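Biologist: I would like to learn how to read a structure like this one feature by feature. Could you take me through it slowly, with the general idea before each case?

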Amino acid sequence: MRITLVIAAIALSLVSCKEAEKSTNNDLAEVQEVQETYESFGKKFSGDAALNASEMLEKYKALETGDTLNVSFSTRVMSVCKEKGCWMVLDLPETDKDPMVKFKDYAFFVPKDIEGKEVVVNGKAFAEVTSVEDQKHYAKDAGKSEVEIAAITEREQSFGFLADGVLLKK
């Protein structure tokens, strides 16, 4: 009886090791595929479960100020900080509330010339109120004119995103 249990335990452990090996090989293939298609910034992630921009807009519409949502989504870059690449604004369809993306812990930046390119972002989506001062700062970083900056006079309800990883389509 004991010998049978020992043999069963050994057989089970061998099968488990094989399954773990297959899982690791699949994970490596997935990472390699991402590396061939995207340039990665920050935390590594696959982007497979990313929502599209329309799906993400629906998620944002359901958020109240202060709510957060862990998510990844793909869309096009509308603008990026011309000073350092320390933020970007992403396109959401049929809204003027395109989300401002900042990078977790200021740990990484994106290239300054990626306007119009496709990205997948991973992190926390949220709804917030942006102060006049912050809006003017972002407008200056984006290279807006003094007239455009002076026209900013009211706080704004907006969508934000704190990214821990970004994939930039090659």
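Modeller: Let us start with a helix, bearing in mind that this is a predicted model. In helix 3, which covers residues 132-141, the buried residues are Gln-135, Tyr-138, Ala-139 and Asp-141. Because these residues cover an arc of only 160° around the axis, they lie on the same side of helix 3.

Biologist: Which residues does helix 3 carry on the face turned away from its buried side, and what do its buried residues pack against?

Modeller: The face turned away from the buried side carries the exposed residues Glu-133 and Lys-140. The buried residues of helix 3, for their part, pack against strand 3, strand 4, strand 5, helix 4 (146-150) and strand 6. After helix 3 comes Gly-143, which has a positive phi, near 85°.

Biologist: How should I read a positive phi in general, and which residues other than glycine show one here?

Modeller: Most residues other than glycine have a negative phi, so a positive value in such a residue deserves a second look. Glu-94 has a positive phi near 55°; this residue sits in the loop between strand 3 and strand 4 and, at 82% relative accessibility, is exposed. Asp-105, with a positive phi near 60°, belongs to the loop between strand 4 and strand 5, and its relative accessible area of 69% makes Asp-105 exposed as well.

Biologist: Let us turn to the strands. In which sense do strand 2 and strand 5 pair, parallel or antiparallel, and over how many bridges?

Modeller: The pairing of strand 2 with strand 5 is antiparallel and extends over nine bridges, with Thr-75 standing opposite Val-119 of strand 5. Strand 2 is also joined to strand 3 by three bridges, again in the antiparallel sense, and there Val-77 has Leu-90 as its bridge partner. The hairpin of strand 2 and strand 3 has six residues between the strands, and in this hairpin Gly-85 takes a positive phi near 80°.

Biologist: Could we look at one residue of strand 2 more closely? Is Ser-72 buried or exposed, and which residues distant in sequence does Ser-72 contact?

Modeller: In a regular strand the side chains alternate between the two faces of the sheet, so it helps to examine each position by itself. Ser-72 lies in strand 2, residues 68-80, and is buried, with a relative accessible area of 10%. Beyond its neighbours within four places in sequence, Ser-72 contacts Phe-45, Ala-49, Ala-50, Leu-51, Val-121 and Asn-122.

Biologist: How many residues make up the largest nonpolar core, and where do they come from?

Modeller: The largest nonpolar core has 28 residues, and Met-88, Phe-161 and Val-166 have the most contacts inside it. At least two residues of this core come from each of helix 2 (53-61), strand 2, strand 3 (87-90), strand 4 (100-103), strand 5 (118-130) and strand 6 (156-169), with strand 6 giving the largest share, five residues. A second, separate core has six residues, including Cys-86, Trp-87, Met-100 and Tyr-138.

Biologist: Since a cysteine has come up, how many disulfides are there, and why is Cys-81 not bonded to Cys-86?

Modeller: A disulfide is a covalent bond between the sulfur atoms of two cysteines, so the distance between the sulfurs is the thing to check. The count here is zero disulfides. The closest cysteine sulfur to that of Cys-81 belongs to Cys-86 and is 3.6 Å away, which is too far for a bond. Both residues are nevertheless buried, Cys-81 with a relative accessible area of 0% and Cys-86 with 10%.

Biologist: Finally, how many salt bridges are found, and where are some of them?

Modeller: Side chains of opposite charge can pair when their charged atoms come close. The whole structure contains four salt bridges, one of which joins Asp-164 and Lys-43 at 3.8 Å, N to O. Because Asp-164 lies in strand 6 and Lys-43 in the loop between strand 1 (38-42) and helix 2, this pair ties together parts that are 121 residues apart in sequence. Asp-164 is buried, at 18% relative accessibility, whereas Lys-43 is partly exposed, at 45%. Another salt bridge links Glu-58 and Lys-61 at 3.6 Å, N to O; these residues are three apart in helix 2 and therefore separated by about one helical turn. Lys-82 forms a salt bridge with Glu-115, where the closest N and O atoms are 2.6 Å apart.

How values were computed. Residues numbered from 1 in each chain as written. Predicted model: local features only at pLDDT ≥ 70, side-chain atom pairs only at ≥ 80, totals over all residues. Heavy atoms only, no water. Helix = DSSP H or I, 4+ residues; strand = E, 2+ residues; numbered from the N terminus. Buried < 20%, exposed > 50% of the residue type's maximum accessible area, 1.4 Å probe, protein only. Contact = heavy atoms within 4.5 Å. Core = buried A, V, L, I, M, F, W, Y, C linked by side-chain atoms within 4.5 Å. Disulfide = S-S within 2.5 Å. Pairing = 2+ DSSP bridges. Arc of directions from axis to C-beta. Salt bridge = Lys/Arg side-chain N within 4 Å of Asp/Glu carboxyl O.
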